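I opened this model to look up its strands, its turn, its helix packing and a few single residues. The entries are in the order in which I checked them.

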Amino acid sequence: MKVVIQRVSRASVSVSNETIGSIEQGLMLLVAFNDDDTSADIEYATHKIVNMRIFEDADGKMNLSVKDVEGSILSISQFTLFASTKKGNRPSFTKSGNPARASELFDEFNSSVQKAVLNVQTGKFGADMQVELINDGPVTILLDTQNKE
């Protein structure tokens with residue numbers, strides 16, 4: 001499981017020119033699964049994301065989590081995070097998870113995050129989406145559950 005975590009002042013996702021999710025201060029997540037991912041990966045990622053101290057405290061130090069600032073989360077499925085660019089100029093996506101299983105994991109992940117953060121918005125799995133965001137900082141972090149240590 002790979003997640004690109006972006007601290008945002010606002011973000012939104014649209015499908016066919018209709019906004020289906022939008023947030024103010026919080027995190028925008030680009031989330032990808034492969035066939036080796038399990039509920040344990042989701043539990044690990046959820047804990048890390050909702051407790052990650054990447055928001056500034058009163059002293060300007062990154063010392064607060066999305067929970068601490070009562071921020072929101074916008075979660076977007078992004079299978080291209082597993083792209084392989086080793087050969088040629090066309091990325092290979094064979095390491096991305098089976099779409100049916102990845103969709104189930106995406107739903108499970110969003111439900112898990114929603115238990116910790118009140119406002120969780122999502123994109124539409126498998127859809128052609130347009131994503132807009134204001135990256136605050138900018139702060140962008142890559143979380144890969146295969147690299148837990």
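My notes on the strands come before those on the helices and single residues.

**Ground rules.** I am working with a predicted model, in which local features need pLDDT of at least 70 and side-chain atom pairs count only at pLDDT 80 or more, while totals for chains, interfaces and linings use all residues. I number residues from 1 along each chain as its sequence is written, and the side-chain values I quote use heavy atoms, with hydrogens and water left out.

**Entry 1, strand β1.** I took helices and strands as DSSP runs numbered from the N terminus (H or I with at least four residues for a helix, E with at least two for a strand). Strand β1 covers residues 2-15, and I noted that eleven of its 14 residues are buried, where buried means under 20% relative accessible area, exposed means over 50% and partly exposed lies in between, with a 1.4 Å probe and protein chains only. I then listed the pairings of β1, counting two strands as paired if DSSP finds at least two bridges between them. β1 runs antiparallel to β8 over 13 bridges, and there Gln6 has Thr140 as its bridge partner. β1 also pairs with β3 in the antiparallel sense, over seven bridges, and with β2 (residues 18-23), again antiparallel, through five bridges. For the β2 pairing I wrote down Ser12 with Ser22, and Val15 opposite Glu18.

**Entry 2, the turn after β1.** Two residues separate β1 and β2, which form a hairpin. Ser16 sits in this loop and has a positive phi of about 50 degrees although it is not a glycine. Asn17 lies in the loop between β1 and β2 as well, and its phi, near 65 degrees, is also positive in a residue other than glycine. I checked accessibility for both: Ser16 is exposed at 67%, and Asn17 is exposed at 79%.

**Entry 3, Val4.** I picked Val4 as a residue within β1, and found that it counts as buried because its relative accessibility is 13%. Its bridge partner in β3 is Leu30. Using contact for heavy atoms within 4.5 Å, and not counting residues up to four places away in sequence, I found that Val4 touches Met28, Leu29, Leu30, Leu81, Thr140, Ile141 and Leu142. I also looked up the separation of the C-alpha atoms of Val4 and Asp41, which are 37 residues apart along the chain, and it is 15 Å.

**Entry 4, strand β6.** Which residues of β6 are buried on each side? Ser72, Leu74 and Ile76 are buried on one side, and Ile73, Ser75 and Ser77 on the other, so both faces are covered. In a regular strand the side chains alternate between the two faces of the sheet. β6 (residues 72-77) pairs in the parallel sense with β3 over six bridges, with Ser75 as the partner of Leu29. Three bridges join β6 to β7 (residues 120-122), also parallel, and Leu74 has Gln121 as its partner there.**Entry 5, a cis peptide in β8.** Pro138 lies in strand β8 (residues 129-144), and I noted that the peptide bond from Gly137 to Pro138 is cis, with omega near -5 degrees.

**Entry 6, α1 against α2.** How do α1 and α2 (residues 99-114) pack, and at what angle? Their axes are 9 Å apart, at an angle of about 40 degrees, where axes are lines fitted to C-alpha atoms, for helices over the stretch in contact, and angles run from 0 to 180 degrees between N-to-C directions. The two helices are therefore oblique to each other, since angles under 35 degrees count as roughly parallel, over 145 as roughly antiparallel, 65 to 115 as roughly perpendicular and the rest as oblique. In this pair, Ser39, Ile42, Ala45, Thr46, Ile49 and Val50 of α1 meet Leu105, Glu108, Phe109, Ser112 and Val113 of α2.

**Entry 7, Asn34.** Asn34 is in the loop between β3 (26-32) and α1 (39-51), and it is buried, with a relative accessible area of 12%. A polar atom of the Asn34 side chain lies 2.9 Å from the backbone nitrogen of Asp36. Leaving aside neighbours within four places in sequence, I found Asn34 in contact with Phe82, Lys95, Ser96 and Gly97.

Methods
Polar contact = N/O pair within 3.5 Å; in protein donor to acceptor, adjacent residues only side chain to side chain.
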